[in-house]
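Please look over the sequence and the model before reading on, and keep both at hand while following the paragraphs below.

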Amino acid sequence: MRVLVIGAGIGGLCLAQGLRQAGIDVRIYEREASMRARYQGFRIGIGGPGLAALRECLPQRLHPVLEASTGELSGERRMVDEQLREIRQLGALHGGMATDRHVLRHLLLAGLADRIEFGKRLVRYTEPDGTVRAEFADGSSVTGDLLVGADGGNSPVRRQLLPDAEVVTLDGNGLLGRTPLTDRFAGLVPGFGTMVHGPEVRMLLGKMEFRRPPHLAAAELAPDVELPETGSYLRWAAFLPEYIKPLPADWPAVRDLLLTGIADWHPDLVELVRQSDVVNSSVLTVRCAKPVAHWGTRRVTLLGDAIHVMPPSGGMGANTAFRDAALLCRALSAVERGEAELLPAVERYEREMLEYGFAAVAESLEQLPAFAPSATAGAAPAGAASAR
């Protein structure tokens with residue numbers, strides 16, 4: 001069996017790692033020119049079923065690198081005002097890990113160099129004679145037994161497979177910032193995370209403090225694995241009032257706009273924004289997928305943001321993609337062992353994935369107003385709550 005994975009994000013690479021361990025011929029095709037073609041340097045939290053799924057797919061020899069190149073994600077969540085005076089405790093969370101998406105993506109690439117091709121932009125797929133063929137913009141094509149769209153929220157695979165499926169861009173002025181971690185800023189996030197509730201601006205702060213520098217951890221624990229030289233940082237998201245439109249296109253101008261709005265805030269928060277990394281900070285686009293019914297299984301399926309993209313408010317996007325990857329890997333492994341037929345196995349995956357995937361979308365939408373009150377205005381997808 002040959003599986004074609006469209007997209008080399010963390011979900012597609014997680015699936016590929018699991019399939020490789022199962023002895024399945026998996027090939028990955030990524031439209032970007034390289035792993036470093038664009039910024040993906042922000043913190044994500046992994047825990048619960050998502051972390052278990054990641055560990056299930058990742059080869060055992062890479063588990064020590066995963067542990068060493070991540071950070072703690074536990075402790076009290078707190079809400080403070082713009083002068084850092086505590087408003088209330090939001091409850092403690094434990095048992096997960098913080099990781100940098102760019103670092104994790106490189107770790108998930110380990111051992112797959114001979115199975116991935118970059119610069120491959122999918123144009124269409126066809127399904128001839130019990131197979132599936134992917135056709136790319138450079139004129140090349142490949143054929144396999146199953147094609148998996150793991151190509152993100154703008155998925156070309158989803159557009160062809162489910163032309164009526166809708167992904168909604170939510171209203172709101174969100175910013176995603178990253179600032180190098182210093183002793184001064186470390187105290188802003190003493191536990192799991194900090195919410196700053198200002199008069200007009202809200203900020204969410206999260207710490208990405210690596211247990212060890214990722215590149216050094218890899219060099220010692222798995223010398224064949226190359227991880228980026230990424231330093232620890234604070235990841236923060238800010239939500240500006242809706243009446244501030246349009247937002248500038250370049251980060252320095254966006255940063256200066258935010259600085260104007262928080263000029264009388266605590267000096268540590270002002271300096272956190274002032275020292276933000278120009279390369280790894282940007283305007284934040286919040287999107288979510290409307291629920292879809294099962295479409296009738298064929299030799300094309302979807303995974304992660306390609307089917308159930310969700311707001312970051314629930315912290316479940318990456319976790320749900322890893323859960324998809326492990327579930328689909330188990331289904332295909334059973335096919336490879338002769339214990340199941342391909343299409344029925346894929347259908348079982350799809351039906352279970354749609355149920356928990358859109359439940360995660362609904363939960364993320366429910367939590368969004370607490371972080372970004374204007375981000376749901378007129379844009380919550382119909383039927384989201386019923387997807388539970």
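What follows goes from the chain as a whole to its charged pairs and then to a few single residues.

The model is a predicted one, and its chain contains twelve helices together with 18 strands. The C-alpha atoms occupy a box of roughly 65 × 50 × 40 Å when the principal axes are used as the frame. The radius of gyration of the chain is 21 Å, and because a compact globule of 388 residues would be expected to have a value near 21 Å, the two agree. Of the 388 residues, 54% are buried, and the surface that the chain exposes comes to about 15,900 Å², with carbon and sulfur atoms supplying 49% of this area. Among the contacts with a sequence separation of 6 or more, 75% are made between residues that lie 24 or more positions apart.

The charged side chains come next. The chain carries 42 positive and 47 negative side chains, and the centres of these two sets are 1 Å apart. The structure holds 21 salt bridges, and some of them can be followed one by one.

In one of these, glutamate 30 pairs with arginine 105, with 3.7 Å between the closest N and O atoms. This pair links distant parts of the chain, since glutamate 30 belongs to strand 2 (residues 25-30) and arginine 105 to helix 4 (residues 101-109), with the two positions 75 residues apart in sequence. Are these two residues buried or exposed? Both glutamate 30 and arginine 105 are buried.

A further salt bridge joins the side chains of aspartate 224 and arginine 61, at 2.8 Å from N to O. Here the partners are 163 residues apart and again link distant parts of the chain: aspartate 224 sits in the loop between helix 7 (214-221) and strand 15 (233-240), while arginine 61 sits in the loop between helix 2 (48-57) and helix 3 (63-68). Aspartate 224 counts as exposed because its relative accessibility is 54%, a value over the 50% cut-off, whereas arginine 61, with a relative accessible area of 43%, is partly exposed.

The side chains of aspartate 268 and arginine 184 also meet in a salt bridge, with an N to O distance of 2.6 Å. Aspartate 268 is part of helix 9 (residues 267-274) and arginine 184 is part of helix 6 (residues 183-186), so this pair ties together parts that are 84 residues apart in sequence. Aspartate 268 counts as buried because its relative accessibility is 17%, which is under the cut-off of 20%, while arginine 184, at 41%, counts as partly exposed. Besides these pairs, salt bridges with shared partners join Arg2, Asp25 and Arg27 into one network.

The backbone also deserves attention at certain loop positions. Most residues other than glycine have a negative phi. Leucine 84, however, has a positive phi near 70° although it is not glycine, and its place is the loop between strand 4 (71-80) and strand 5 (86-100). Aspartate 129 is likewise not a glycine and has a positive phi, of about 50°; this residue is found in the loop between strand 7 (122-126) and strand 8 (132-136), where aspartate 129 is exposed, as its relative accessible area of 79% indicates.

Strand 7 itself contains arginine 124, a residue that is partly exposed with a relative accessible area of 41%. The C-alpha atoms of arginine 124 and alanine 134 are 6.3 Å apart in space, although the two residues are ten positions apart in sequence. Which residues does arginine 124 contact, leaving aside its neighbours within four places in sequence? These contacts are with Arg133, Ala134, Glu135 and Gln160.

Isoleucine 87, finally, lies in strand 5 and counts as partly exposed because its relative accessibility is 41%. When residues up to four places away in sequence are not counted, isoleucine 87 touches Met79, Val80, Asp81 and His197. Isoleucine 87 and valine 196 are 109 residues apart along the chain, and their C-alpha atoms are separated by 9.3 Å.

Notes. Residues numbered from 1 in each chain as written. Predicted model: local features only at pLDDT ≥ 70, side-chain atom pairs only at ≥ 80, totals over all residues. Heavy atoms only, no water. Helix = DSSP H or I, 4+ residues; strand = E, 2+ residues; numbered from the N terminus. Rg over C-alpha atoms; globule rule 2.2 N^0.38 Å. Buried < 20%, exposed > 50% of the residue type's maximum accessible area, 1.4 Å probe, protein only. Contact = heavy atoms within 4.5 Å. Areas by Shrake-Rupley, 256 points an atom, 1.4 Å probe, with all protein chains shown as cover. Lys, Arg positive; Asp, Glu negative; His and termini not counted. Charge placed at Lys NZ, Arg CZ, Asp CG, Glu CD. Salt bridge = Lys/Arg side-chain N within 4 Å of Asp/Glu carboxyl O.
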